[in-house]
Amino acid sequence: MLYEGSNDIQINYLDVTSYGAKETTAGIENANGTIGLTYPKMSTADRYTNFYVRYSTNQGITHTGPPTAITGQGTSVTASSATLSGTVNPNGVTTASYFQYGTSADYGLTTATTNSGSGTSDVPVSLAIAGLTPNTVYHYRLVATNSAGTDYGEDLTFTSSLASSSRLLYFPHIASDETWETEICVINTSDSEDLTGYFRAYNNAGILISRIAPIPVTLAPHGRRELTVGDAYDPMYVGYIGYIVFESDLDAVAGYSKFYVEGRYRAAVPAISEINTGDIYISHIASDSRWETEISLVNTTSSKKDFTIEFDDGQVIGQSLDGNAHKKFTIRALLGGPLEEPQPDIYSAVIKGANGVIGLELFTNEAGNKMSGVLLNGDTSTRIYYPHTTNKNGWETGIVAYNPSDTECDINITPYTEDGLPLPAQSRSIIPRGKYIGAATVEDLNLPEDTAWFRIDATSPITGFELFARPNLLAGYGCVGISGKEGVFAKLEKDGWTGIAFVNIGDSAARISLTAYDDDGNDVAAETVVLDGHAKKVGVASALFKEDISGATHVTYSADEEIVGFQLNASSDDMMLDALPGM
């Protein structure tokens with residue numbers, strides 16, 4: 001046995017069976033081979049015990065040998081091209097590097113060769129490939145070779161995109177760990193065409209996670225796919241997911257994200273298909289001793305984005321996002337210093353220079369077990385609908401209308417009864433970057449007691465949302481761009497209840513056709529609802545159908561007039577609530 005101390009190596013015993021006339025060099029050598037373990041001439045063949053030999057060291061040793069290749073992620077994946085990456089350590093010898101790739105682990109194709117130098121540290125390697133077949137799994141690995149040998153990196157895979165015209169649906173925030181979980185869902189809204197697509201997972205740096213295979217999806221007309229992220233993905237890598245993109249071969253696709261802490265609270269927001277092209281409005285910020293606001297952003301472009309967040313108190317904070325990257329932060333963390341102090345005097349903000357950036361915000365009251373969320377975008381309108389107000393049976397309705405302009409905005413509020421009768425209108429003004437906000441009650445916003453819904457007409461574009469609350473429950477949705485003649489309510493709650501509300505926003509009666517479907521796209525039940533002008537219908541989903549819809553998972557609607565619809569989903573323990581507009 002050998003062990004070392006202070007350049008001495010102790011030999012517990014050494015059997016000498018022959019000896020020479022000079023000192024003998026043994027074992028360890030320096031780089032030039034001239035100095036090694038030496039011991040004096042031994043004149044007798046014998047066993048020598050507890051014997052020491054002295055050796056000299058050369059601090060300038062340079063180790064040389066075969067290179068080391070590590071295959072990295074495949075990025076910038078399209079229908080016909082991708083960028084392959086990795087690292088190479090030449091280990092002191094001039095080294096050439098390249099990638100092998102192909103539709104199997106036999107590869108068959110190689111990239112151009114690049115010179116990785118002759119250093120002894122890791123060198124990044126990145127090479128683009130083209131001519132790929134859409135919707136195809138490709139294997140690839142990095143190869144490094146020098147005069148001392150060749151090393152092959154690990155075999156990894158990526159799947160090329162469906163086509164250059166594919167529709168992308170973004171789920172811009174994923175939380176899946178020991179506390180949080182995320183549910184995502186897509187629905188084929190076509191009446192006649194099958195849908196093919198993939199869920200692709202990206203890390204916070206915006207890199208497609210090669211070790212997480214894309215999840216393929218095929219949906220019949222009106223088919224639906226729901227998955228829980230923590231169950232659907234490898235637990236070893238699920239914590240690296242920052243966001244997910246669903247790539248579809250059809251435009252007729254909708255979906256949602258749902259974030260939750262089991263037994264405490266949850267929030268749902270629509271999946272994003274429209275990319276922001278201008279400023280983004282954070283219409284409501286709650287960051288005090290009870291509430292916190294978290295922001296999540298994704299840069300959907302390949303270029304770095306530098307932007308500013310202008311808060312209503314005058315603070316301006318610069319931020320940046322690398323190409324395709326994701327980041328999340330709380331208002332406290334952004335503005336509250338090392339102690340992340342609450343920011344009770346911050347109420348709203350505008351993100352400037354965020355072309356190509358998408359996102360969402362979540363409001364959380366930990367002590368009250370309440371959470372809700374809305375998408376962050378630049379959508380505004382001079383007419384906004386708030387299709388449901390209630391202050392009965394412990395429910396409260398909160399209203400936000402935000403003026404993002406630098407000038408004052410006048411608004412006219414027109415309330416209606418459930419039967420569609422107009423109630424006295426009222427006018428207000430909203431200051432620049434200010435809000436019309438409060439509870440939809442006589443005491444707070446001075447709305448008539450029998451107000452069932454209302455609309456706001458503004459002299460300049462505004463944005464807004466509404467919230468519904470009970471003890472331990474909160475849910476909300478954005479109110480811009482939610483009217484139309486058709487849509488889908490994306491989930492029927494199985495362990496709890498689903499409430500649905502419709503408002504006919506026009507003067508003429510509207511005929512609404514409802515169809516309940518299962519996940520395979522089979523129709524379970526159908527019903528027709530007629531609503532007079534400006535009337536509202538609200539109730540649990542099952543009460544809207546004469547037939548049993550227990551086997552259904554979602555409901556579509558189509559109408560001959562413009563309507564507005566939304567849904568509420570609640571858990572059976574009355575602890576979790578979420579809301580979604582008709583999509």
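## A three-stranded open sheet

Strand S7, which spans residues 81-89, is joined to S11 by 8 bridges, and the two strands run antiparallel. Within this pairing, the residue of S11 that stands opposite Gly86 is Val125. The model in which these features are described is a predicted one, and the statements that follow should be read with that in mind.

The pairing of S7 with S11 belongs to an open sheet of 3 strands, whose order is S6-S7-S11 and whose pairing is antiparallel. Strand S6 (68-75) and strand S11 (123-130) occupy the edges, and because each has a single partner strand, one side of each is left without a neighbour in the sheet. On average, and with direction ignored, neighbouring strands of this sheet are turned by 25° against each other.

## Overall composition

The secondary structure of the protein comprises 2 helices and 44 strands. The protein has 583 residues, of which 52% count as buried, and it exposes about 25,700 Å², with carbon and sulfur atoms supplying 46% of that area. Among the contacts in the protein with a separation of 6 or more, 72% are accounted for by residues 24 or more positions apart.

A search of the whole structure for disulfides finds 0. Two cysteines can be placed with respect to the surface: Cys185 counts as buried at 0% relative accessibility, and Cys479 is likewise buried, with a relative accessible area of 2%.

## Strand S25 and its two partners

Strand S25, which covers residues 305-311, has one face that is covered, formed by Lys305, Phe307, Ile309 and Phe311, and one that is uncovered, formed by Asp306, Thr308 and Glu310. One residue from each face can be followed into a pairing with another strand, as described below.

From the covered face, Ile309 has Ile317 as its bridge partner in S26. Strand S26 (residues 316-321) pairs with S25 in the antiparallel sense over 6 bridges. S25 and S26 form a hairpin with 4 residues between the strands, and in this hairpin Gly314 takes a positive phi near 100°.

From the uncovered face, Thr308 stands opposite Lys352 in S28. Strand S28 (residues 349-352) is joined to S25 by 4 bridges, and these two strands also run antiparallel.

## Thr397 and its surroundings

Thr397 is located in strand S32, which runs over residues 396-402. With a relative accessible area of 1%, Thr397 is buried, since the cut-off for that class is under 20%. A polar atom of the Thr397 side chain lies 2.9 Å from the backbone nitrogen of Thr390.

When residues up to four places away in sequence are not counted, Thr397 touches His388, Thr389, Thr390 and Asn391, together with Gly438, Ala439 and Ala440, and also Glu466, Leu467 and Phe468. Thr390 is thus named both among the residues that Thr397 touches and as the owner of the backbone nitrogen at 2.9 Å from the Thr397 side chain.

## Strand S43 and the strands paired with it

Strand S43 extends over residues 554-571, and because 14 of its 18 residues are buried, the strand is largely enclosed by the rest of the structure. Several strands pair with S43, and they are taken here in order of their numbers. Strand S38 (residues 483-489) pairs with S43 in the antiparallel sense over 6 bridges, and in this region Tyr557 of S43 is the bridge partner of Gly487. Strand S39 (residues 496-504) is also paired with S43 in the antiparallel sense, over 9 bridges, with Gly499 standing opposite Leu568 in S43.

Strand S40 (residues 510-517) pairs with S43 over 6 bridges, again in the antiparallel sense, and His554 is the bridge partner in S43 of Tyr517. Strand S44 (residues 577-581) is joined to S43 by 5 bridges in an antiparallel arrangement, in which Ala570 stands opposite Leu577 in S44. S43 and S44 form a hairpin with 5 residues between them, and Asp574 in the turn has a positive phi of about 60°.

How values were computed:
Residues numbered from 1 in each chain as written. Predicted model: local features only at pLDDT ≥ 70, side-chain atom pairs only at ≥ 80, totals over all residues. Heavy atoms only, no water. Buried < 20%, exposed > 50% of the residue type's maximum accessible area, 1.4 Å probe, protein only. Polar contact = N/O pair within 3.5 Å; in protein donor to acceptor, adjacent residues only side chain to side chain. Contact = heavy atoms within 4.5 Å. Pairing = 2+ DSSP bridges. Axes fitted to C-alpha atoms, helices over the stretch in contact; angles between N-to-C directions. Areas by Shrake-Rupley, 256 points an atom, 1.4 Å probe, with all protein chains shown as cover. Disulfide = S-S within 2.5 Å.
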